[in-house]
Amino acid sequence: MPVLALLSACDRAVLNPSGYVALQQRDIIIFSTAIMLLIIVPVIALIIIFAWRYRAGNQATYDPDFDHSTSLELVIWSAPLLIIICLGALTWWSTHLLDPFRPLDRVAANKPVDPKAKPLVVQVVSLDWKWLFIYPDQGVATVNELALPVDRPVRFDMTSTNMMNTFYAPTLAGMIYTMPGMRSTLHAVLNKPGVYDGMSANYSGAGFSDMHFKLYGVGQADFDKWVARVKASGKALDTNAFLALEKPSERVPPIYFSGVEPSLFDRVYNRCVRPGTPCMADQMNAGTKAAAGGMPTSMSHGGASMPGTPSHPLPASPAGAPAPRTATTN
């Protein structure tokens, strides 16, 4: 009873989802558990029955020469085999259906995605030990606070500055790794208004325990008001502000940025935010040209081009070097 009382205080966010992707993942957990219980429950029951039937004080039939039973062998092998087949089929189906890189085709079980609706893009950067959320279309950014309009598809582009982390909002979708120099993607949707918790689920040092953020599910009108409030904060996220934000800090309260320097996320992903640092995209392009017998013409440093080259933001996925996909955990 004391153990059950302690468990009653646990947050059951995984089993109480607020988004369509998380709902499907919850159903997979329940179905998998039920399938496995088909063999676990009978085995536990048979252990008790055998222990009682063949106890020392009972005159049960004992056959020391017994070595084989075809019917018993069929039961022993066929039941686990069928369960493994079911779990294998479920795994194959769910892996493709819930691929985080796969755009959503519906926002709810009975509500397909409007083909004219544009998904909300949120660029996520995990720092030590806080979360940075950039809204490129809205031109704002926040720290440790994420707001999403309900019933609108969202595409998260994710990377990290220094340490591997895991972006995890249990009521929204599964865990997705963020890694330095790599970009991962998650498509998800939130269906219920409310305030939810998000966190890092991968140990990343001293401030890991407090690396949390708040997720707000709001209507489209309230989301527009939230964006307007962030725009009124008066601070802009430029290179210097990001370099200051990048320094390790713990228990950081929400921070608003009214503007975001263009291509900042691409420079974080290419690890060239600091001026004078060569970008990975240019290095890979130069290596490709050198390997093909050509000579590289330019190297971009922290968003500034060398003389004789056009100045423009880095491409999200450089030609000849597609963005690597990070490992994902659903």
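Modeller: Buried means under 20% relative accessible area, exposed over 50% and partly exposed in between, using a 1.4 Å probe and protein chains only. This is a predicted model: local features need pLDDT of at least 70, side-chain atom pairs count only at pLDDT 80 or more, and totals for chains, interfaces and linings use all residues. Residues are numbered from 1 along each chain as its sequence is written, and side-chain values use heavy atoms, leaving out hydrogens and water.

Biologist: What share of the residues of the protein count as buried?

Modeller: The protein contains 7 helices and 17 strands (DSSP runs numbered from the N terminus: H or I of at least four residues for helices, E of at least two for strands). Among its 330 residues, the share that count as buried is 38%.

Biologist: Is C272 buried or exposed?

Modeller: C272 has a relative accessibility of 0%. That value falls under the limit, so C272 counts as buried.

Biologist: Which residue does C272 form a disulfide with?

Modeller: A disulfide is a pair of cysteine sulfur atoms within 2.5 Å, and the count by this rule is 1. The sulfur atoms in question are 2.0 Å apart. The partner also has 0% relative accessibility, so it too counts as buried, and it is C279.

Biologist: Is this disulfide of C272 and C279 right-handed or left-handed?

Modeller: The torsion about the S-S bond of C272 and C279 is about 85°. The disulfide is therefore right-handed.

Biologist: How does C86 count, buried or partly exposed?

Modeller: The relative accessibility of C86 is 37%. This lies between the two limits, so C86 counts as partly exposed.

Biologist: Is I47 buried or exposed?

Modeller: I47 lies in helix α2, which spans residues 20–53. Its relative accessible area is 54%, over the upper limit, so I47 is exposed.

Biologist: How many residues of strand β6 are buried?

Modeller: β6 covers residues 145–149 and is mostly covered. E145, A147 and P149 point one way, whereas L146 and L148 point the other way, and all are buried. The count is therefore 5 of its 5 residues.

Biologist: Which residue in β12 stands opposite A147?

Modeller: Strands pair if DSSP finds at least two bridges between them. Strand β6 has 5 bridges to β12 (residues 212–218), and the two run parallel. Opposite A147 stands Y216.

Biologist: What share of the contacts with a separation of 6 or more comes from residues 24 or more positions apart?

Modeller: A contact means heavy atoms within 4.5 Å. Among contacts in the protein with a separation of 6 or more, residues 24 or more positions apart account for 69%.
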